[in-house]
Every structure is written in C-alpha cells, then in structure tokens.
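User: Please take a close look at the aromatic pairing in this model, and then set it in the context of the chain and its backbone.

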Amino acid sequence: MQKLVIEGGTPLFGEIMTQGAKNAVLPVLAACVLCEGTVHLKNCPCISDRYASARILSALGAKVKTEGNSLTADCTGLSSDEISCYLMKAMRSSIIFMGALLGRTGKCTLCYPGGCNLGPRPIDMHISAMRKMGGIISDEHGVISCSAPDGLKGCRHSLSFPSVGATENIMLAAVCAEGETIISNAAREPEICCLADFLRACGAKISGDGGGRIAIEGVKKLTAPDEAFEIIPDRIAAATYLSCAACAGGELLIRDCAPAHLEAVLPVFEQAGCRLKVFGSNIYIYRKGRLRAADTIRTMVYPGFPTDAQAILMAPLCTAEGTTVFVENIFENRYRHTDALCRMGADIKAEGKVAVVTGVPRLYGTVAEAPDLRGGAALVCAALGAEGISEISGVNYIDRGYEEIERVLTAAGAKIRREAEKLP
Ligand code: EPU
C-alpha cells in the first residue's frame, strides 16, 4: 500500500505533457480482439487500467507487448473466450470485451465488471443490446454466459440514456455483424470518436460518431492498420493539472491536450478568476490571488460538463470567495470526496445530487484516503493548495487513471512524494 505525501502552498510552474486518454485506450484495446494482425498503438498512458486490459488480452491468448507509451497486440490466435472474475473486477471497462468477443468468436463467459464505486452501475443496456443482436445471455450467480449461435445481426438500438460503455459495446459487436446497426441517442464523447477512428483504420464502416446517431455496416473482417494508431489526449487528466494550478497558484502550460474537448470545463476556470490562453493544442493557465465562485456546475453527457471533472473542479472552488453549487446528474454517489475536503477545512453540504460549496479562505493538510479515481485526484489538487502536509492513501485508485502523478507534479515544482504506507 502506498500514499502520496504532499506539502501544500508551493505554486506550480512549467509545462506538463498530456497523457493519452484512459477512456479511449481501454475500448481500443478491447477492439484489438476483432483484428487480424498486429495492432500498434502509441500515446497509451502508463496507468493500471491499461495494464488490466492488457492482462485480459493476454489471458485470451493474445500476444501483447508494452514499451513505455507504445503497445502492440496480436489477437490473431486467440485461444480463449473466458475472462475470469478476478480480471473482470479490475475495472469497469472490462465489460466492453463482451461485444468484442461475441463479434469475434460468437461466445464468451465473463462476470460483472468492477470499477470505482460511484453508486449503482448496472449493465442492463449492454445486455439488452447484445440480446437484440441475437446474443443469448444467461446469468448464473454472477457468471454471464453469452453466445450467438447464428452470429450477431445488425439492428436498430435506441438508447434510453447515451451510455458511453453501452455505445462502445454495441459498436464493437456491430462492426463484424451481419447487416446495418443504427445507434440512436448514442454517446458523443471524444473517446467514442477515437474508438470509431481506430475501427475505421481497421476496415470498419462507421459513420455519425460524435453525433447522436451512429450507423455501422458490418464487414467480414478487420485487419490491423499498417500505421501505429495514436490514442487521443486525456481531457480529464488535462483538467486535473489545470486544477492543480488553480489550487496551488502559479502558471502552467498544459501541452497537447485537445482544448476543444474541454469547452465545458475551461469557462469554469475563467469564471473563478484564472487566466487562460489556448495556443493550438496547448492551454496556458495563470492563477494569482484568491479565486471567485463559479456559476452552478451541472454534470451532463458530452458536450456538457463531464462528471469526471466534478470532484476535480470542486477542489479549487473550496477556497473561492462565494458559493458554488454542483449538481451531479450522471452518477448517484459521486460526492465521496467531500468528507475529506471538509476535513481539510472546506465548507460543503452535499445531499443527493446537489453539493453546495461555500468558499473558505484556506484548506489545511490532512490524512485522507482516495475514495475513487477522480475523488483521489481532487484530494491531490486540494492538498497542493492547502497549508501544511497531507497524506493521501488509496493511491491505487489514482494510479488507475494518472501516469506517475507525483513525477509530473514534481517536475512542475510541487512538493509531493510517494511512500510505502507503514503497517500498524
Ligand atoms: N447506465 C445504466 N445502465 C447501463 C449503463 C449505464 O443505467 O447499462 C447508467 C450508469 O449507471 C450511469 C450512467 O448510465 O448512471 C452513465 O454511465 P455510462 O455507461 O455512460 O458510463 P461508463 O461507460 O460506465 C464511462 C467512463 C467513466 C465516466 C462515464 C460518464 C470509461 C471506462 N468510463 O463510464 O469514467 O464517468 O463514462 O462519462 O469510459 C473515470 O474515468 O473516472 C470514469 C468513471
């Protein structure tokens, strides 16, 4: 077990390169199951969720090699269609192997996925979509057996909510299915477009991604692209490092971060009094003096304000002058970071979907545990701006989505180190 020890109060200066997107690399890795030949990926973040996906591919019989931010996967000779409960529980994204495996082998056995505890995270939309495409799915004591004896058939899906994971699962099942699949009310997140770009590079016929109606014409097979495929930048990691600067003060240049993907997030930093400039694919942030409260932040599906940035933006707003209201519309239980922020001196009243954050002059270092990935990142941001020393345990959550967070922040001047936690 490890913890991050952070001495707050040191402004940040310098440049941070944006890592590749967690939520883009995971579906692309699942998509490799459908490909003949060796897939080359670049800009893959070195995070534990990526390694969990690579372990699933290896367990299925793929040849996977990783070197820094590059990865190759050859799924030509898959030897298994079963994913153990142990591997499934490592992350939420394991569920999208269902569509990929059904598309490739016509059957698979897996369990319910793990992932951060953000309230109930059902997979009903995934399962009903696979059934609609001809999948026969049974659930015995948590073991999900899937088969498509007559192959998967394209059809029309109208999603009751634009679920990111369900959209990805249907895309993966549909690319090699017979006939046309239409997804209405599809998720529009940039990570969906990244998956579609990868599948197109492999020979899939997909249009409409980035909008609410995705059309997919099934093809006989997918082949690994000749060129290495590049994973898009991680918009939530970029937002996190912007928040680190907003909390600690100073000036940072966040490089290669696709600012267009952050259109709902950047105005909040500006409302709070940070100075921002976008130069091509880079964002410069400067913060001096006390922040101001922002307008009500309502989490929405893309292009709305992302739920994944809710905790991260709450950290700087804890010390802003005035009151900021947050409304979390995507997950039922995504305010678990507020207890630790209150222990640092924040004034937050959270009930149901709403959290009311009344800014206090300063936060103080504390001992806290990351409640989940983004909640843990929010505690790191808050600790960088707090007076005194914070110790944040549960670093395994943070490592799921951030590549060596302490190295990145140390290079920008932060006083942060990773230590082994001593057993009592
Ligand atoms: N939902 C259902 N039934 C389903 C699927 C989803 O009710 O079958 C509900 C969920 O319970 C939730 C809402 O729909 O209330 C949104 O879930 P969605 O399926 O869109 O989320 P996801 O695919 O499980 C991805 C990201 C999350 C991100 C959400 C929303 C990945 C691996 N994860 O999750 O990322 O919060 O979309 O944008 O892509 C994170 O990175 O920290 C993270 C949690």
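Analyst: The structure is a predicted model, and one backbone position serves as the point of entry. N185 is partly exposed, with a relative accessible area of 34%. This asparagine lies in the loop between β11 (180-184) and α7, and its phi is positive, about 55 degrees, although the residue is not a glycine.

Helix α7, which bounds that loop, also carries one member of the aromatic pair. The count of such pairs comes to one. F198 and F229 form this pair, with 5.2 Å from centre to centre and 70 degrees between the planes. The arrangement is classed as edge-to-face because the angle between the planes is over 60 degrees. The pair links distant parts of the chain: F198 belongs to helix α7 (residues 190-201), F229 belongs to strand β15 (residues 229-230), and the two are 31 residues apart. Both F198 and F229 are buried, whereas N185 is partly exposed.

Two further backbone features deserve mention. Most residues other than glycine have a negative phi, and most peptide bonds are trans. N43 is a second non-glycine residue with a positive phi, near 65 degrees. The place of N43 is in the loop between β4 (38-42) and α2 (48-59), and with a relative accessible area of 23% this residue is partly exposed. A cis peptide bond, with omega of about 10 degrees, joins Y302 and P303. P303 lies in the loop between β19 (297-298) and α10 (310-317).

These details belong to a chain whose secondary structure comes to 14 helices and 25 strands. The radius of gyration is 21 Å, close to the 22 Å that the globule rule gives for 424 residues, so the chain is as compact as a globular protein of that length. Along its principal axes, the C-alpha trace spans about 65 × 45 × 40 Å. Buried residues make up 56% of the 424 residues, and F198 and F229 are both buried. Of the contacts with a separation of 6 or more, 73% are between residues 24 or more positions apart; the members of the aromatic pair are 31 residues apart.

At the surface, the chain exposes about 16800 Å², of which carbon and sulfur atoms supply 50%. As for charge, the chain has 44 positive and 46 negative charges, and their mean positions are 1 Å apart.

Conventions
Residues numbered from 1 in each chain as written. Predicted model: local features only at pLDDT ≥ 70, side-chain atom pairs only at ≥ 80, totals over all residues. Heavy atoms only, no water. Phe/Tyr/Trp six-rings, centres within 6.5 Å; stacked < 30°, edge-to-face > 60°. Helix = DSSP H or I, 4+ residues; strand = E, 2+ residues; numbered from the N terminus. Buried < 20%, exposed > 50% of the residue type's maximum accessible area, 1.4 Å probe, protein only. Rg over C-alpha atoms; globule rule 2.2 N^0.38 Å. Contact = heavy atoms within 4.5 Å. Areas by Shrake-Rupley, 256 points an atom, 1.4 Å probe, with all protein chains shown as cover. Lys, Arg positive; Asp, Glu negative; His and termini not counted. Charge placed at Lys NZ, Arg CZ, Asp CG, Glu CD.
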